[in-house]
Protein chains: 2
Amino acid sequence: MHERAADTRRAVLQAAAHLFFEQGYAATSIADISELSARTSGAIYFHYAGKEQLARAVVEAHFAAWPALIARHENVGAPALERLVRLSYAVARAFRDDVFVRAGARLWAERRSINVEMPPPFLDWIATVEHLLDEARAEGTLAAGAEPVRDATTLVSAFFGLHTLSDALDERRLIEDRLTAFWHLMLPALQGAPAPAALLDRVREDTASLPR
Amino acid sequence: MHERAADTRRAVLQAAAHLFFEQGYAATSIADISELSARTSGAIYFHYAGKEQLARAVVEAHFAAWPALIARHENVGAPALERLVRLSYAVARAFRDDVFVRAGARLWAERRSINVEMPPPFLDWIATVEHLLDEARAEGTLAAGAEPVRDATTLVSAFFGLHTLSDALDERRLIEDRLTAFWHLMLPALQGAPAPAALLDRVREDTASLPR
């Protein structure tokens, strides 16, 4: 693709993500996207057949954000539960700061009103968490009563609910504090020793300065 | 109100809740509600000024479902944590089986596209859970590391997320099993003794046969 075409594509997608997030799918028109991206609607239609295709591209950009983030946390030299907690802060920050992630989340919430197929976002996350819990078991750090398959699903749904609540009550500004509270409730069932609080203090401070 | 008018009001509201839940707010028309309720649109407009007012009435019916349910569980003769767990099963069943609760939940998810003010559903629930955790502390059954204010918020958001996940993955058919898994993860941080598993087995069996 010529550089200029790539620029246009990127600008249009960015504007679409911004508007889908701010005002939702139904209220966003190609004319709005044209205005915000400073591209003609002709240029937009050259790259995307219509609003549905733009929504699909935003959702794809949302899903494309995760594999690199997950790989970075899977390969860090730390116990598996600590890597799980670190990953959760990184994901929470992406949901607060990344326009594609935020727009993808809103489009998913509105999925029933949009004619675009969207896979449920839970399954890949459950597999990722289950894998980390399995590793913790292999390391001998997972509490005896924990069950990776069962607990991975609960953790992912609880994490999702935390974002919905933070979105509704404080526009995700308090998501990191809420996540710390979340782990205070979750870790006792997952980790015997060392004490969960110590892990939490260390991880939250460390990861704040890491690249996402 | 005359009995016939009350009947009409109820039938219209029931039909609106059914359709808002099944197909969402935007896709539901007064004509659809007229057809399903077997009432003329004139009769509908006599009771409700329009679709927005119907949505508001459905949301109010959703919120009206809770105080009696909560009171019933607050006044049962059982330890506070057990009452909390019992209440959670009752609420989960309402979200699975009650059309007003289900419709209210969907309307809330679509709130940004609907011109009806809807309070966030979390705050009253957080207060209810906090109250039960305070009682558990007063009874001496709350774990030392638990903090009612902090943990009530996490519990409510996690419970909400559980419903979103169950809704997306199994249309809430598995909500009771998922809720049992949820408590396996949550109770260790809340309850020292007796062992959480024993409480769960007892409560889930008991409440299945209770009226909601």
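Me: A polar contact is a pair of N or O atoms within 3.5 Å, one able to donate a hydrogen and the other to accept it. In this predicted model, how many residue pairs in polar contact does the rule find across the interface of chain B and chain A?

Reply: Zero, counting pairs with both residues at pLDDT 80 or more.

Me: And how many salt bridges does the rule find there?

Reply: Zero again. A pair would need a side-chain nitrogen of Lys or Arg within 4 Å of a carboxyl oxygen of Asp or Glu, and the rule finds no such pair across this interface.

Me: Then what makes up the side of chain B that touches chain A?

Reply: Four helices of chain B each supply at least two residues to that side: α7 (99–109), α8 (122–139), α9 (148–170) and α10 (175–190). The biggest giver is α9(B), with 15 residues. Sorted by class, this side has 19 nonpolar, seven polar and eight charged residues.

Me: How much area do the two chains bury between them?

Reply: About 2,900 Å², with 72% of it on carbon and sulfur atoms. On chain B's part, B:R112, B:L165 and B:L185 supply 22% of the area buried against chain A, more than any other three residues.

Me: How do you know which surface the copies meet through?

Reply: Each chain brings 34 residues to the contact. Of chain B's interface residues, 100% are also interface residues in chain A, so the copies meet through the same surface.

Me: What kind of axis relates chain B to chain A?

Reply: A turn of 180° with a shift of 0.0 Å along the axis lays chain B on chain A with an RMSD of 0.0 Å. That is how a two-fold axis relates copies.

Notes. Residues numbered from 1 in each chain as written. Chains lettered and ligands numbered in written order. Predicted model: local features only at pLDDT ≥ 70, side-chain atom pairs only at ≥ 80, totals over all residues. Heavy atoms only, no water. Least-squares fit on C-alpha atoms with pLDDT ≥ 70 in both. Contact = heavy atoms within 4.5 Å. Buried area = accessible area lost by both parts, 1.4 Å probe. Polar contact = N/O pair within 3.5 Å; in protein donor to acceptor, adjacent residues only side chain to side chain. Nonpolar A, V, L, I, M, F, W, Y, C, P; charged D, E, K, R; others polar.
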